[in-house]
Amino acid sequence: MPEVSQRGSSDPRDCVIETAGLRKSFRGLEALRGLDLRVPSGSIYGFLGKNGAGKTTTIKALMGLLRPDSGDARIFGQPIGGDAAGVEIRRRIGFVTEDKELYPYMTVAQVIRFTRPFFPRWRDDLERRYLQAFELPPKQKIPKLSKGMRSKLMLLLAICRGAELLILDEPMEGLDPAIAEDVLGVLTGLAAAEGTTIFFSSHQIADVEQIADHVCIIDQGRAVVAGALDDLKSQYQRLHVMFSETPPQSVAWVDGVERVRHDGRMLSIFASRNVEAVVDQVQSLPGASVERFPVTLKEIFLECVRSH
Amino acid sequence: MIFRLTPSSGVPVYLQLIGQVKHAVETGALQPGDQLPTIRRLAEDLVVNPNTVVRAYRELQHEGVIELRHGSGAYVGESKTASTRITRRDRAVVESAVERLAAAGLTEDEIRRLFEHALISLRHGASKGGNHA
Amino acid sequence: MWMKSWLETRSRVTFALLWTASFVLLMAAPGRDMGKSSDKLGIVLSMLALAFVFVPVWLAGSGIRTQQPFGFGSSKGLHGSTLFTLSLPVSRTRLLLVRAALGLLEMVAVIVALTCVVWLFLPAVRVGTGPGEWLLYVLTVSVCASGLYGLTMIAATLVDDAWIVPFSTVAIILLWMLQFFGSVPAWANIYRPMAQGSPLVTHSVPWAPMAVALAVGAAGLLISLRIVQRQEY
């Protein structure tokens, strides 16, 4: 029987985007403090973080819009160097900016005609399909488009290039839920059909949880959580412990316990790994009865980002 | 395909999908020989990561619930014995337990919680190799 | 790329044309009873030079940043679509060169157009000059103005969009005034050949100032290139 092959590469060395120790400061403010990223080829990679955590700075650094102070960054295995090197890399990338601004003096059709010649692998079939699916009026001037339409236009321009990698800065921002769902569907369809790697930053944890297979949570310029989403969800657990007598006040918790919350005779433990050892330790406490809960991505995000 | 997946519940999405396909097969909504959507189509329709669908299909194929034919896609398996692991007897076990608990005065919620507790202990017991209090 | 730059600059070109044309018209009216033709020519040339000197300022652009077609209103230093442009597989060098080239061509077009208008509508200035000299005039003015263009380019890459025009205007005026205060040698003065020193008056080609202008223009271009390559967005 024919085997179903896992989409994308499982070889950890086959990374489309790779950064190591990326640092960047602006006027004394450290935006990135040693960011390590590894985005596997063919994955849908969600990049989460609070406002100001460094998401857009990272994306701009990857696109060559700004130069990191130190650290290494590679796309397709090539260092993001100076001017000329960047050109070849950018021919294989589709990009959507944070504020979705395009040229105010052009119409939809004009900006498509403008963008097309830069990309020899332009896909006319995708252009036709998405022009229709997104209902973009070709003769309309860009400033007259609604925010949702502009996002879709930028997405179209990014998708039709036949790019191997899409870098999207908050693609769903400002979109109403129906359009956002359309966009998510387009992205998953693209990933499945073309094997495109999709790297996107977002505030919407639910969106990331829905379509990403890898995530990275960035906080204060560093990656605090990174890896395959399924792995993370099996590693992290929440334990609720009910005590029939007064629980011990201070316990030297084993490795893996991230946070413990007390409330009377109840305990809430958030563990990032080593869960079996944690459960053993809890069960050794007198009067304890444990219940285990899987964690959502939102919980992981809130717990890992809160107390810094 | 009418499937309902909740990415933010505790259960991995691919398992949810496997469960839903099996349920469809059990209830007859999917008959042997019926064609399932392509990985790409299903990922796009359900708006989930394609790898999730890949994993679910792979597992279903492994269990014999579906077959993958070169070039044409995924089909519900012909073999009756592999189509569902849940037998009528399994159903009867659960039904009688529920009836008894209900007769003892427990509400639906309470019964559900008991089952979940039991499953969690089972999981914990299984991973500890059977050493549980 | 050319199309984009054109769309960005076309209203500026129109403005430049109107600006210089109005200059000419202003002087055509009262100029009828001015003295001898040769004086008249000198005056006309001075006025034209005054107009032409500022044309580079209008047309030099904003480095590789996306321009509003009429850049006055843009208060945000960086137009969002510049990021889009920079994400395309084009080197910054090429972006700047295309923009600069188009601006230069537009500048020359304005000079030629205005010169033709003057030649057509002020017959008095044609006296004592031949078409060959008018061509030389156009060439001279273009070359000298391109020196100013190069200088303005540097400002365009460094200065915030809304301030480029006032800043460059002031700079050009200051440079012009240098010739009165400092002792700028005749060969380096690129303003003179646009008016008094032009082939129409001297009947010779001012090679030295033209070479200086070209050098200045080229330097301006190279400096702008370096700046643009190191900029961060």
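This is a short group-meeting talk on the salt bridges, surface patches and helices of a three-chain model.

Hi everyone, thanks for coming. One thing before we start: what you see above is a predicted model, so please keep that in mind as we go.

Let's begin with the overall make-up of chains B and C. Chain B has three strands alongside six helices, and from the N terminus its elements run α-β-α-α-β-β-α-α-α. Chain C has zero strands and eight helices. For burial, 32% of the 133 residues in chain B count as buried. In chain C, with its 233 residues, the buried share is 52%.

Now let's look at one helix in chain B. Helix 1 covers residues 13–27, which makes 15 residues. From its first C-alpha to its last it reaches 21 Å, close to the 21 Å expected at 1.5 Å a residue. Which of its residues are buried? They are B:Val13, B:Tyr14, B:Gln16, B:Leu17, B:Ile18, B:Val21, B:Lys22, B:Ala24 and B:Val25. If you scan that list, you'll find B:Lys22 and B:Gln16 in it along with B:Leu17 and B:Ile18. Right after the helix comes B:Gly28, with a positive phi near 90°.

On to the salt bridges. As a reminder, side chains of opposite charge can pair when their charged atoms come close. Over all chains, the count comes to 25 salt bridges. I've picked three from chain A.

The first pairs A:Glu164 with A:Arg92, and their closest N and O atoms are 3.0 Å apart. This pair links distant parts of the chain, 72 residues apart. A:Glu164 sits in the loop between helix 5 and strand 7, while A:Arg92 sits in the loop between helix 2 and strand 6. A:Glu164 is partly exposed, at 29% relative accessibility, and A:Arg92 is partly exposed too, at 26%.

The second joins A:Arg259 and A:Glu303, with 3.1 Å between the closest N and O atoms. A:Arg259 lies in strand 12 and A:Glu303 in helix 10, so the pair ties together parts that are 44 residues apart in sequence. Is each partner buried or partly exposed? A:Arg259 is partly exposed, with a relative accessible area of 24%, whereas A:Glu303 is buried, at 10%. These two also belong to a network of salt bridges with A:Arg238 and A:Glu299.

The third is A:Glu276 with A:Arg292, where the closest N and O atoms are 3.2 Å apart. Here helix 9 holds A:Glu276 and strand 14 holds A:Arg292, so the pair ties together parts that are 16 residues apart in sequence. A:Glu276 counts as partly exposed at 30% relative accessibility, and A:Arg292 is buried at 13%.

Last stop: the surface. On chain A, a patch of negative charge gathers A:Glu135, A:Asp176, A:Glu181 and A:Asp182. A:Asp176 is in the loop between strand 7 and helix 6. Its relative accessibility is 39%, so A:Asp176 counts as partly exposed.

Chain C has a nonpolar surface patch made of C:Ile173, C:Trp176, C:Met177, C:Phe180 and C:Phe181. Together these residues have about 540 Å² of accessible area. C:Phe180 lies in helix 6, residues 164–181. Why does C:Phe180 count as exposed? Because its relative accessibility is 55%, and exposed means over 50%.

That's my tour. Thanks for listening, and I'm happy to take questions!

Notes: Residues numbered from 1 in each chain as written. Chains lettered and ligands numbered in written order. Predicted model: local features only at pLDDT ≥ 70, side-chain atom pairs only at ≥ 80, totals over all residues. Heavy atoms only, no water. Patch = residues over 30% accessible without salt bridge, like charges linked within 9 Å, V, L, I, M, F, W, Y side chains within 5 Å. Areas by Shrake-Rupley, 256 points an atom, 1.4 Å probe, with all protein chains shown as cover. Salt bridge = Lys/Arg side-chain N within 4 Å of Asp/Glu carboxyl O. Lys, Arg positive; Asp, Glu negative; His and termini not counted. Charge placed at Lys NZ, Arg CZ, Asp CG, Glu CD. Helix = DSSP H or I, 4+ residues; strand = E, 2+ residues; numbered from the N terminus. Buried < 20%, exposed > 50% of the residue type's maximum accessible area, 1.4 Å probe, protein only. Expected span 1.5 Å × (residues − 1).
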